[in-house]
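Trainee: I would like to take a close look at the surroundings of the ligand in this model. Could you describe that part in detail and then place it within the rest of the protein?

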Amino acid sequence: MADILKISALEKSFGEKKVLTGLDMSVPEHSIFGFIGRNGSGKTTTMKAVLGLIKADAGEIFVCDEQVKFGQTRTNRNIGYLPDVPEFYPFMTPREYLTLCGESLGMKNDEIAKRSAELLEMVGLAGEDRRIKGFSRGMKQRLGIAQALLGRPRLLICDEPTSALDPVGRSEVLDILVSLKSETTVIFSTHILSDVERICNEVALLEKGRIVLGGSIDRLKELGSAEGFEIKLTQGCDADRLTERYTDARRKDELTLRIVGGEDRKREVLSFLIENRIAIQRVETLEPSLEALFMEVVKK
Ligand code: ADP
């Protein structure tokens, strides 16, 4: 599958602060791509660079095989963008607002009417004739998606589209994004892993200015399926004795340790604990999950 977006060795600092330190990322066409990173990790900065809105210090970005140049909007004809808090004219109805946006894109009136009706239906706002000022956050986010799709972009970029929403609003927005798969490619940034697990087929994890883990969700889940278990010791026990003996054990907190391995390894560790009279509160087998895998990678 062709890559609709390719970023290589992207660097960006604000003053002394290095935000992107050599970011490489490829987004296959027709994927639902989760761009994951904690708050302040540089997701918005990356997206703004893709839109040509900020000047990178180094690196290259290609959208549909065409290089993005700072301050030029040529490559943006392929992109629909939904900012994290979309702004609208509050006194307009959704249809009026989409008409205005369509006109600014140079679309013809009958095309605007047809496309707006189709999109408002898709985002669940058909027949909604109230002014936007009365809209919930979720409704605004859905209208923002409709607006971003007006010009039939090949790539839809959404900045934290679900972060400010309640569970129902989140779920509605995720359903809409996933329904777009045949029509366009969706990149959405988020710090909410469960949203990614629910709808994405590709992901990239941004940490310390670069992508530390990425690829198809299926491959990552395989990677994350290494067996493991978690042991919680009783208060007053010395967990150092366990980490000295099992040097690959990871400390989750003062009394809790995570160890990679199957049943044989678990039995061996438990024998060691019993022999050394180290009391256990509980032992738990760890389920493979994206979250566990990401936590492992981020801690390294
Ligand atoms: P994210 O979208 O992942 O939350 P951002 O890309 O918004 O992260 O920000 C990454 C870092 O860059 C933050 O520490 C932020 O404060 C800083 N930053 C972003 N834009 C600017 C700017 N225009 N000037 C100075 N610092 C900025």
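Mentor: The account below begins with the ligand shell and then turns to the protein as a whole, to one helix and to two buried residues.

The model is predicted, and every value that follows is computed from it. The shell around the ligand consists of Phe14, Lys17, Val19, Arg38, Asn39, Gly40, Ser41, Gly42, Lys43, Thr44 and Thr45. By character, these shell residues divide into two nonpolar, six polar and three charged; a residue belongs to the shell if one of its heavy atoms lies within 4 Å of the ligand.

Polar contacts of the ligand involve both backbone and side-chain atoms of the protein. A polar backbone atom of Gly40 lies 2.7 Å from an oxygen atom of the ligand. For Lys43, too, the partner is a polar backbone atom, with a ligand oxygen at 2.9 Å. In Lys17, by contrast, the side chain takes part: one of its N or O atoms is 3.5 Å from an oxygen atom of the ligand. On its own the ligand has 560 Å² of accessible area, and the protein covers 58% of it.

Which elements give two or more residues to this shell? They are β2, spanning residues 17–28, and α1, spanning 43–50. The element that gives the most is α1, with three residues.

With the ligand shell described, the whole protein provides the setting. The protein has ten helices and 14 strands, and its C-alpha trace spans about 80 × 45 × 35 Å along the principal axes. Of its 300 residues, 46% are buried. The exposed surface of the protein amounts to about 15400 Å², of which carbon and sulfur atoms supply 48%. Contacts between residues at least 6 apart in sequence join, in 66% of cases, residues at least 24 apart.

Helix α2, residues 94–104, shows how one element is buried. Its buried residues are Pro94, Tyr97, Leu98, Cys101 and Gly102. These residues lie on the same side of α2, because they cover an arc of only 135 degrees around the axis. The general background is that an α-helix has 3.6 residues a turn, so residues three or four places apart point the same way. The partners of the buried residues of α2 are α3 (109–122) and α4 (137–149), against which they pack. Just after α2, Gly106 adopts a positive phi of about 80 degrees.

One residue of α4 merits separate attention. Gly144 is located in helix α4 and is buried, with a relative accessible area of 1%. Leaving aside neighbours within four places in sequence, Gly144 is in contact with Leu82 and Phe88. Gly144 and Asp84 are separated by 60 residues in sequence, while their C-alpha atoms are 9.6 Å apart in space.

A second residue to examine is Lys266, in helix α9, which comprises residues 263–275. Is Lys266 buried or exposed? Its relative accessible area is 12%; since the limit for a buried residue is under 20%, Lys266 counts as buried. When residues up to four places away in sequence are not counted, Lys266 touches Phe229, Val283 and Thr285.

Methods. Residues are numbered from 1 along each chain as its sequence is written. This is a predicted model: local features need pLDDT of at least 70, side-chain atom pairs count only at pLDDT 80 or more; totals for chains, interfaces and linings use all residues. Side-chain values use heavy atoms; hydrogens and water are left out. A polar contact is a pair of N or O atoms within 3.5 Å; within protein, one must be able to donate a hydrogen and the other to accept it, and residues adjacent in sequence count only if both atoms are side-chain atoms. Accessible areas come from the Shrake-Rupley method with a 1.4 Å probe; for residues, only the protein chains shown count as cover. Helices (H or I, at least four residues) and strands (E, at least two) are DSSP runs, numbered from the N terminus. Ala, Val, Leu, Ile, Met, Phe, Trp, Tyr, Cys and Pro count as nonpolar, Asp, Glu, Lys and Arg as charged, and the others, Gly among them, as polar. Buried means under 20% relative accessible area, exposed over 50%, partly exposed in between (1.4 Å probe, protein chains only). The arc is that of the directions from the helix axis to the C-beta atoms. Contact means heavy atoms within 4.5 Å.
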